[in-house]
Amino acid sequence: MKEKNNLLIFILTIGVFGIINTEMGVLGILPLLAEKFSISIAQAGLLVSLFALAVAAAGPVMPLLFAGIDRKRVMLLVLSVFVLGNLISVFTDNFAVMLLARVVPAIFHPVYCSLAFSVAAASVSPEAAPRAVAKVIVGVSAGMVLGVPVSSFIAGSFSLTAAMAGFTVVNTAALIATWLYIPSLPVAARLSYGQQLRVLKKPVLCIAAVVFMNGAVFGVFGYFSGCLTNITAFSWNTVSLILLVYGLMNIVGNFIAGRMLSAGASADKLVIIFPVTLGIVYAAFFWSGTSVPAMALITLLWGVLGGMNANINQYWITTAAPEAPDFANGLFLTAANLGTALGSAVCGMVIAHMGMQYMMWGGIVFLILCLAMIIPRVYRSDEYVCLGESK
């Protein structure tokens, strides 16, 4: 039984990796795509921004619509849509078609990811669920870490077509593995749309906390490479290496958070300590940004915290609405994407008006707002407590 669960979680991890790799890998080949379609880099950026917006819009809707269907069938459908979209992207010479081939799969993105988290959690005991979900979230981190450098390497070593085909290969592998090795996963008791929508009353502060936390993490991270080149004066090759180290430490953070969230007492401590610790890291970044040794240490710690972020956020929302896990995971994906967009916009405004170094304070403001959402939910003792069981 344990071996079957491990195989199930591994396949889900590969599936999530393939989907996130499709989303993020395009960042590594945007200049080549702009050249292929004879458009500007800004226009090519729509391949990323419209994908993210589609995920955010579909997050609370698509898992709701597919809630009563056998989960294996749904996962096969989503992976098939991604494979088809990737194939179209490989062969099309029309930018509008390319956009469509990106946006349509993005609409199905929340369905697969929310199901992957839910199925992983349901395959083990409730106490071990956060650790199982953490393993699947490794696919998210790996997709974000490896997507950009791998697609860039393949495009540089072979061709843009080969890089785009790489996305197809990974999703096809996940599709075949799902078809062959994942058993039928019928929904035992389907909740009505009304029952699922009613959970929106419960995790309101949790959703806000996820928005602010992702704003704090990704609002700053989006400009991290600029800080390293402009403030610490690293070369671009060094920056690429640092970003890879940061991503690898994300995976370490996934496992640490999974273990801590599996223990009730540690979970509550973690959600309070996390934003405080990240705030200290940002302050250290502000005061020591020109120091190479300090930045090396900060990157390691920040990478671990960045990896823990997704686990904590997913845990916040799903424990607030355990009766509708798929819908709650969809909310998590929407809140995370909205937070990323909001944080990037705010930190970008801070940079424009105050300078690159001061964007850290934009992140700290988001962390303060996040704490304001966390504290009431951790210490309230009624049925709407966000984390863990009622105190």
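**Helix packing and buried positions in a predicted all-chain model**

Among contacts in the protein chain between residues at least 6 apart in sequence, 82% join residues at least 24 apart. The model described here is predicted. The protein chain holds 17 helices and zero strands. Of its 391 residues, 54% are buried. The chain exposes about 16400 Å², and carbon and sulfur atoms supply 72% of this area.

Three helix pairs are considered in turn. Two packed helices are described by the angle between their axes and the distance between the axes. In the pair formed by helix H4 (residues 46-58) and helix H7 (residues 95-122), the axes come within 8 Å and cross at roughly 30°. H4 is therefore roughly parallel to H7, angles under 35 degrees being counted in this way. The crossing of these two helices is right-handed. On the side of H4, the contact involves Leu-46, Leu-47, Val-48, Leu-50, Phe-51, Ala-54, Val-55 and Ala-58. These residues meet Phe-95, Met-98, Leu-99, Arg-102, Val-103, Ala-106, Ile-107, His-109 and Pro-110 of H7. Classified by residue type, the contact of H4 with H7 comprises 15 nonpolar, one polar and one charged residues. The charged residue is Arg-102 of H7, and the polar residue is His-109 of H7.

Helix H6 (residues 71-91) and helix H9 (residues 160-181) form the second pair, with axes that come within 9 Å and cross at roughly 160°. The two helices are therefore roughly antiparallel to each other, since angles over 145 degrees fall in that class. Their crossing is left-handed. H6 contributes Lys-72, Met-75, Leu-76, Leu-79, Ser-80, Phe-82, Val-83, Asn-86, Leu-87, Ser-89 and Val-90 to the contact. From H9 come Thr-161, Met-164, Ala-165, Phe-167, Thr-168, Asn-171, Thr-172, Ala-174, Leu-175, Thr-178 and Trp-179. The contact of H6 with H9 contains 13 nonpolar, eight polar and one charged residues. The charged residue here is Lys-72 of H6.

In the third pair, the axes of helix H16 (residues 325-354) and helix H17 (residues 359-379) come within 8 Å and cross at roughly 140°. This angle makes H16 oblique to H17, and H16 passes H17 in a right-handed crossing. Leu-342, Gly-343, Val-346, Cys-347, Val-350 and Ile-351 of H16 meet Met-359, Gly-362, Gly-363 and Phe-366 of H17. By class, seven nonpolar and three polar residues take part in the contact of H16 with H17, with no charged residues. The polar residues are the glycines Gly-343, Gly-362 and Gly-363.

Individual positions were examined next. Asn-214 is found in helix H11 (residues 204-221). With a relative accessible area of 4%, Asn-214 is buried. Leaving aside neighbours within four places in sequence, Asn-214 is in contact with Gly-219, Asn-309, Asn-313, Ala-336, Gly-339 and Thr-340. One of these partners, Thr-340, lies 126 residues from Asn-214 along the chain, yet the C-alpha atoms of the two residues are separated by 5.4 Å.

Gln-314 has its place in helix H15 (residues 292-320). Gln-314 is likewise buried, its relative accessible area being 6%. Not counting residues up to four places away in sequence, Gln-314 touches Phe-117, Val-133, Ile-137, Asn-329 and Phe-332.

Two loop positions complete the description. Ile-231 is located in the loop between helix H12 (224-230) and helix H13 (236-261). At 19% relative accessibility, Ile-231 counts as buried, because the class covers values under 20%. Apart from neighbours within four places in sequence, Ile-231 is in contact with Gly-226, Gly-289, Thr-290, Met-356 and Gln-357. Ile-231 and Met-356 are 125 residues apart in sequence and 8.0 Å apart in space, C-alpha to C-alpha.

Ser-38 lies in the loop between helix H2 (30-37) and helix H3 (41-44). In contrast to the buried Ile-231, Ser-38 is exposed, with a relative accessible area of 66%. Phi of Ser-38 is near 55°, a positive value in a residue other than glycine.

Note on methods. Residues numbered from 1 in each chain as written. Predicted model: local features only at pLDDT ≥ 70, side-chain atom pairs only at ≥ 80, totals over all residues. Heavy atoms only, no water. Axes fitted to C-alpha atoms, helices over the stretch in contact; angles between N-to-C directions. Helix = DSSP H or I, 4+ residues; strand = E, 2+ residues; numbered from the N terminus. Parallel < 35°, antiparallel > 145°, perpendicular 65-115°, else oblique. Left-handed = near helix turned anticlockwise from the far one by under 90°. Contact = heavy atoms within 4.5 Å. Buried < 20%, exposed > 50% of the residue type's maximum accessible area, 1.4 Å probe, protein only. Areas by Shrake-Rupley, 256 points an atom, 1.4 Å probe, with all protein chains shown as cover.
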